[in-house]
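Reader: I would like to learn how to read a protein model step by step. Could we go through it together with questions?

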Amino acid sequence: APSIVWFRDDLRVGDHPALHAAVERGEPIVAVYVLDEESRGIRPLGGAARWWLHHSLASLADDLHERGVRLVLRRGAAAAAIRTLVDEVGAGAVFWNRRYGGAEREIDAHLKSGLSDAGLEVRSFGASLLFEPWTIRTGSGTPFSVFTPFWKACLAAEEPRHPLPAPSELDGYGGPDGRGGPAGDDLDDWDLLPTRPDWAGGLRETWEPGERAAHRRLRAFLADDLGDYATARDRLDREATSRLSPRLRWGELSPHQVWHATRDRAAGTEGARKFLAEVGWREFAWHVLFHFPDLATRNWREEFDAFPWPRLHPTALTAWERGRTGVPVVDAAMRELWHTGSMHNRARMISASFLTKNLLIDWRRGEQWFWDTLVDADHASNPFGWQWVAGSGADAAPYFRVFNPELQRAKFDPDDRYVGRWLPELDSDGYPEPIVDLKETRAAALAAYEQVKAAK
Ligand code: FAD
């Protein structure tokens, strides 16, 4: 009886434990991806994410096809879709790599017990995180709430396993074209790509989704940029970081591949240490989400529920989204985001600080905009990053540390190269005056914060 391999946020054939287990089981393989926009609690993907998903699925389908398996595409509530497929092919086993969001875990656990009760072999594997969230604990057995001791504990734990090789040939159920196998949707019918209007031109210019391109990028980063990473990563005007975040988000690369490639190349160097610590922040965000599934909607620090967000000023929110606030480094960042579906980490911090502390707009508004526009929009890292900046999150920046956008610009974009690239009209009359006074709004934010302190 065939094995079903259910692909989710792991759109790759290399280092894929579930696929590997199916190969070892020795029965024909059915590969499936389910677009789930129906199950309760599943957050609908944003626009930029849908664009990435389309191309990454197309690439995965090619890579599987080359090896003899057709990728079956199904749409609907995931558990029902998998059960239907199990019945259609008379599957004997279902394998997947784990997901760590609250709703996802519930769906998977329920499905696992149901299928196991029906006599199937159901197995899940760790593949998207270096350390399983339940294995990293403080001395007293609680989850970590501060990064530094968390990462120290990770580094003291057993080293992440070596990546598994990509299988070169697979036994596809229904033959390599899947003609004798189950029917599936046509990717184009899912309408994941924008058409009217087609806003994805900048994304196409910037990115090439897919596993092969991901490995090329990893190799190039390690060869050319890792050496300077520790000192140059904060510079807005340099492309000094890996730009691997969408690859990790969609699982075109596993963190194990990144970990070992980095160690093999440069173990013990400052660049490798710093770079892997950033990958560690991704781990931390996911561990926090695992223990606090409402991270995108609820303040991690409860006392922030008392924060008196003023009534939303919709024109201020729109000005921020469109990059028309009159604060150059913020506007450059927001335009970079709109054009490329990405934003430099320091720019994310500056623009998030400006939204929450100068415009006094609830971090959830900003998180939602990022969710819709980032190609790396991530269930954990995005709300984690927003709560970190807002001060309401785990190991967060203290609320009273309000980024001064002008000082940040002077320090991290000293020749105005970043700002100039995204704001060609900066020195003309067409560029707006700042929509708020930075000093006044900073004072207002600090006054509002007093209420949080009082609620503590
Ligand atoms: P590099 O500097 O090369 O880092 C390597 C990898 O480490 C990244 O690819 C990423 O996977 C991980 N990483 C680095 N910094 C962080 C961090 N602070 N938190 C978590 N992981 C990190 N990252 C996302 O992947 N998805 C998001 O939706 C996201 N939203 C964010 C929102 C805000 C408000 C902030 C402040 C940060 C957010 N980040 C998010 C984290 C970080 O900005 C990006 O991961 C980083 O800019 C990606 O660029 P890079 O791949 O070149 O990073």
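Reader: Which residues does the UniProt annotation "domain: Photolyase/cryptochrome alpha/beta" cover?

Author: Before answering, please keep in mind that this model is predicted. The name of the domain comes from UniProt, in an unreviewed entry. In the model, the end C-alpha atoms of this span lie 32 Å apart, and the span is 45% helix and 21% strand. The annotation covers residues 1-130.

Reader: Between which domains does the shell around the ligand lie?

Author: Of the 27 residues around the ligand, the nearest are Thr-241, Ser-242, Asn-345, Asn-382 and Gly-385. At least two residues of the shell are supplied by each of helix H9 (245-250), helix H11 (270-291), helix H14 (345-358) and helix H16 (381-390). Because two domains both give residues to the shell, it lies between domain 2 (129-160 + 212-291) and domain 3 (302-455).

Reader: How many residues of the shell around the ligand are charged?

Author: The shell can be sorted by the kind of residue, and this gives 12 nonpolar and seven polar residues. The remaining group, the charged residues, numbers eight.

Reader: Is Phe-400 buried or exposed?

Author: Phe-400 sits in the loop between H16 and helix H17 (405-412). Leaving aside residues up to four places away in sequence, Phe-400 touches Leu-446 and Tyr-449, and its C-alpha atom is separated by 8.2 Å from that of Ala-445, which is 45 residues apart along the chain. A residue counts as exposed if 12 or fewer other C-beta atoms lie within 10 Å of its own. Because Phe-400 has 12 such atoms within 10 Å, it is exposed.

Definitions and conventions: Residues are numbered from 1 along each chain as its sequence is written. This is a predicted model: local features need pLDDT of at least 70, side-chain atom pairs count only at pLDDT 80 or more; totals for chains, interfaces and linings use all residues. A residue is near a molecule or strand if its C-beta atom, placed from the backbone, lies within 6 Å of it. Helices (H or I, at least four residues) and strands (E, at least two) are DSSP runs, numbered from the N terminus. Ala, Val, Leu, Ile, Met, Phe, Trp, Tyr, Cys and Pro count as nonpolar, Asp, Glu, Lys and Arg as charged, and the others, Gly among them, as polar. Domain bounds come from an automatic or database domain assignment. UniProt positions are given in the numbering used here, feature names are shortened, and annotations may be inferred rather than shown by experiment. A residue is buried if 20 or more other C-beta atoms lie within 10 Å of its own, exposed if 12 or fewer, and partly exposed in between; C-beta atoms are placed from the backbone. Two residues are in contact if their C-beta atoms, placed from the backbone, lie within 7 Å.
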